[in-house]
Amino acid sequence: AGRGYSASPATVAKLAGAAVSGYRTGRLISVVGHFPGEGAADRDPELGTATVGLTLASLTADDMRPFRVLAARAPVIQISDALYTAFDNGASPATLLPGAISLLTGKLGFAGAVMSGDLQAAASATGGSVAQAAVSAVQAGCDLLYMPGDAADAEAAYAAVVEAVQQGQITRTRLAGADAKVAALKRAYDL
């Protein structure tokens, strides 16, 4: 809807790569999104729950091409909160799916910080709460949680993640991995 660089994956990779380099030169942390790609969404994800009906092969061939190029350079990549039929037949947002995040961190080799999509949108899509979405996002592999808006949602999400760690629903290893990625990001930008 006019927000992307181009419909061409090669052009997107080139322009997004230049943007990441420019932000890095300016000492600004850039966030590349939204993995695994929203170009084929049935609606603008900013306007409500969107579905991407592509197969994994189609996503890999086109939408993920810019992410393959940027995986070695981007400090943060944000996971989409759209629904993808390629993963679980469109039942849950990608930001809550370990399979989607492991594609980024495994197959594409991304070692930076993984940011969730909008957890309010994810909660809306699943019928759950933002707190539940926060726990699911951390379990799935997100290192940073994106929750625009309501401070009460952020507090509830924090409490839910702490409780999930205490109850063993989120392992301390998973939490330490997220903490290490965020700490590395802060060191890289002198924060």
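The lining of the second largest pocket in this predicted model is made up of 13 nonpolar, 1 polar and 3 charged residues. That gives 17 lining residues, and Val138, Leu145, Tyr158, Val161 and Leu175 are the ones lying nearest the pocket's centre. The space inside comes to about 360 Å³. Two helices, α8 (151–166) and α9 (172–188), each bring at least two residues to the lining, with α8 giving the largest share, 7 residues.

Now for the strands. Start with β3 (76–79), which pairs on two sides of the story: 4 bridges tie β1 to β3, running parallel, and 3 bridges tie β3 to β5, also parallel. Strand β5 (residues 113–118) in turn pairs with β6 (residues 144–146), again in the parallel sense, over 2 bridges. Here are some of the residues that stand opposite each other:

| Residue | Stands opposite |
|---|---|
| Gly33 | Gln78 in β3 |
| Val76 | Ala113 in β5 |
| Ile77 | Val114 in β5 |
| Asp118 | Tyr146 in β6 |

How covered is β5? Mostly: 6 of its 6 residues are buried. As for β3, Val76 and Gln78 point one way while Ile77 and Ile79 point the other, and all of them are buried. That fits a general pattern: in a regular strand, side chains alternate between the two faces of the sheet.

Next, the nonpolar cores. The largest one has 45 residues, and Phe35, Ile77 and Leu104 touch the most other members. Plenty of elements chip in with at least two residues each, including α1 (9–25), β1 (31–35), α5 (98–107) and α8. The top contributor is α7, with 8 residues. Apart from this core lies another, of 5 residues, with Val76, Ala113, Met115 and Leu185 among them.

Two neighbours in β3 are worth a second look. Ile77 is one of the residues touching the most other members of the largest core, while Val76 belongs to the other core, of 5 residues. These two residues point opposite ways from β3.

So what does Phe35 touch? Leaving aside its neighbours within four places in sequence, Phe35 is in contact with residues including Met64, Phe67, Tyr84, Ala94, Ala100, Leu103, Leu104 and Leu108. Its contacts also include Ile77, Gln78 and Ile79, which are three of the buried residues of β3.

Notes. Residues are numbered from 1 along each chain as its sequence is written. This is a predicted model: local features need pLDDT of at least 70, side-chain atom pairs count only at pLDDT 80 or more; totals for chains, interfaces and linings use all residues. Side-chain values use heavy atoms; hydrogens and water are left out. On a 1 Å grid over the protein atoms alone, a cavity is a set of points where a 1.4 Å probe fits but cannot get out, and a pocket is an open set with protein on both sides within 12 Å along at least five of seven lines; lining residues have an atom within 4 Å of a point. Grid points are joined across faces, edges and corners, and a volume is the space filled by probe spheres set on the points. Ala, Val, Leu, Ile, Met, Phe, Trp, Tyr, Cys and Pro count as nonpolar, Asp, Glu, Lys and Arg as charged, and the others, Gly among them, as polar. A nonpolar core is a set of buried Ala, Val, Leu, Ile, Met, Phe, Trp, Tyr and Cys residues joined through side-chain atoms within 4.5 Å. Buried means under 20% relative accessible area, exposed over 50%, partly exposed in between (1.4 Å probe, protein chains only). Contact means heavy atoms within 4.5 Å. Two strands pair if DSSP finds at least two bridges between them.
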